[in-house]
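Me: I am new to this structure and should like to understand the terms used to describe it. Please explain the reasoning behind each one.

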Amino acid sequence: MTLRSRVRRLAVRGSRAWYRFRGPRQPGPPEPPTIPDGWHVGPPHYVGVGAQKAGTSWWNRLIEAHPDVVSAGGSKKELHFFDRSWETPFDEADIGRYQRYFPVPEGGGKVAGEWTPGYLIDFWAPGLIARAAPRARILVLLRDPVDRFRSGLTHQLATSRDPLKHRDIQGAFQRGIYAPQLRRVLAAFPAEQVWVGQYEACRADPAAELARTYAFLGLAAHELDADAFGGEVNPTTREKFEPSDALRASLLEGYAGDMAQVAAMVPELDLSLWPSARETGLA
């Protein structure tokens with residue numbers, strides 16, 4: 001482990017300890033950034049919508065490493081702008097406020113975007129994103145659903161003082177039911193505006209997959225140094241959650257039909273990269 005990775009792991013462990021101490025807070029967007037002179041605002045060039053615990057922080061960091069991508073006003077990766085839009089009206093003022101998060105220099109060919117993994121599971125979010133940014137490129141990064149389930153619950157245990165409850169298991173399972181979530185995205189945006197990647201493919205050949213991502217975003221080819229791909233953004237700082245044999249069998253059974261549907265919706269998806277698909281005979 002490099003010194004940089006150790007420092008990152010210690011920082012993550014400290015932030016999670018603080019989160020456990022103060023308890024959870026309702027996610028929501030920060031205040032929009034100040035717009036520098038000579039910059040303008042508009043709809044984001046891209047919006048990443050999911051999936052949680054599928055490497056989105058890592059992949060977003062690599063996207064922002066492109067010289068033509070500017071961070072959304074210097075703010076954090078996840079805006080959570082649409083989190084509470086299920087209970088409040090969404091109007092033109094909200095659209096204007098959302099666009100204020102994406103300032104870019106005038107005439108410089110720069111682009112900005114955000115990536116909030118919760119948008120994929122929030123059934124109201126894709127339609128609202130389409131209203132606020134109809135031409136945005138939509139990014140979806142998927143992961144083996146059982147591995148995603150384990151990682152999601154490991155993260156929860158690392159950031160919460162509460163034991164897992166029935167609703168936690170249900171919620172973690174539902175986040176891995178990808179087909180209905182993808183249908184909502186594809187109902188809101190034309191297929192050519194939606195990129196679906198696989199965490200496992202990105203790990204196996206990050207340079208090639210990043211080149212594919214840059215091309216999808218309409219960015220010029222740009223090669224990063226090999227060490228840019230290393231290092232976890234949100235490393236695991238505790239023992240991983242391991243489902244019992246009975247729960248794992250139920251997960252495989254519960255995810256099998258959905259994985260088949262996702263493969264039919266996204267033909268380029270390589271199910272052989274997912275251990276769950278291999279175990280259920282889908283790959």
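Reply: The exchange below takes up the description of this predicted model term by term.

Me: To begin, what makes up the secondary structure of the protein, and how much of the protein is buried?

Reply: The protein has eleven helices and seven strands. Of its 283 residues, 46% are buried. Among the contacts with a separation of 6 or more, 82% join residues 24 or more positions apart.

Me: Why is lysine 53 called buried?

Reply: The relative accessible area of lysine 53 is 18%. Buried means under 20%, and lysine 53 is therefore counted as buried. This residue lies in the loop between strand 2 and helix 2. Its phi is near 60°, a positive value in a residue other than glycine.

Me: How do you know whether histidine 80 is buried or exposed?

Reply: The relative accessibility of histidine 80 is 16%, and the limit for buried is under 20%, so histidine 80 counts as buried. Histidine 80 is placed in the loop between strand 3 (69-70) and helix 3 (92-99). Its phi is also positive, near 55°, in a residue other than glycine.

Me: What makes alanine 204 buried or exposed?

Reply: Alanine 204 has a relative accessible area of 65%. Exposed means over 50%, so alanine 204 is exposed. Its place is in helix 8 (residues 199-204). Alanine 204 and leucine 273 are 69 residues apart in sequence, while their C-alpha atoms are 9.5 Å apart in space.

Me: What is the peptide bond from glycine 50 to alanine 51 called, and how do you know?

Reply: Omega of this bond is near 0°, and the bond is cis. Alanine 51 belongs to the loop between strand 2 (46-50) and helix 2.

Me: Why are helix 5 and helix 6 called oblique to each other?

Reply: The axes of helix 5 (residues 145-159) and helix 6 (residues 166-175) cross at roughly 135° and come within 9 Å. Angles over 145 degrees count as roughly antiparallel and those from 65 to 115 as roughly perpendicular. An angle of roughly 135° falls in neither range, so the two helices are oblique. Their crossing is right-handed. Arg148, Phe149, Leu153 and Gln156 in helix 5 meet Asp168, Ile169, Ala172, Phe173 and Arg175 in helix 6. By class, this contact has five nonpolar, one polar and three charged residues.

Me: What makes helix 5 oblique to helix 10?

Reply: Helix 5 packs against helix 10 (residues 245-265) at an angle of about 125°, with the axes 9 Å apart. That angle lies between the limit of 115 degrees for roughly perpendicular and that of 145 for roughly antiparallel, which means that helix 5 is oblique to helix 10. Pro145, Val146 and Phe149 in helix 5 meet residues of helix 10 including Leu247, Leu251 and Tyr255. The contact comprises eight nonpolar, no polar and one charged residues.

Me: Which residues have the most contacts inside the largest nonpolar core?

Reply: They are Val49, Phe82, Tyr119, Ile129, Ile138, Val140 and Leu142, in a core of 53 residues. Leaving aside neighbours within four places in sequence, isoleucine 129 is in contact with Val47, Val49, Phe82, Tyr119, Pro134, Ile138 and Phe189. Another core lies apart from the largest one; it has 19 residues, among them Trp115, Leu141, Leu217 and Leu224.

Terms used
Residues are numbered from 1 along each chain as its sequence is written. This is a predicted model: local features need pLDDT of at least 70, side-chain atom pairs count only at pLDDT 80 or more; totals for chains, interfaces and linings use all residues. Side-chain values use heavy atoms; hydrogens and water are left out. Axes are lines fitted to C-alpha atoms, for helices over the stretch in contact, and angles run from 0 to 180 degrees between N-to-C directions. Helices (H or I, at least four residues) and strands (E, at least two) are DSSP runs, numbered from the N terminus. Angles under 35 degrees count as roughly parallel, over 145 as roughly antiparallel, 65 to 115 as roughly perpendicular and the rest as oblique. A crossing is left-handed if the near helix is turned anticlockwise from the far one by less than a right angle, and right-handed if clockwise. Contact means heavy atoms within 4.5 Å. Ala, Val, Leu, Ile, Met, Phe, Trp, Tyr, Cys and Pro count as nonpolar, Asp, Glu, Lys and Arg as charged, and the others, Gly among them, as polar. Buried means under 20% relative accessible area, exposed over 50%, partly exposed in between (1.4 Å probe, protein chains only). A nonpolar core is a set of buried Ala, Val, Leu, Ile, Met, Phe, Trp, Tyr and Cys residues joined through side-chain atoms within 4.5 Å.
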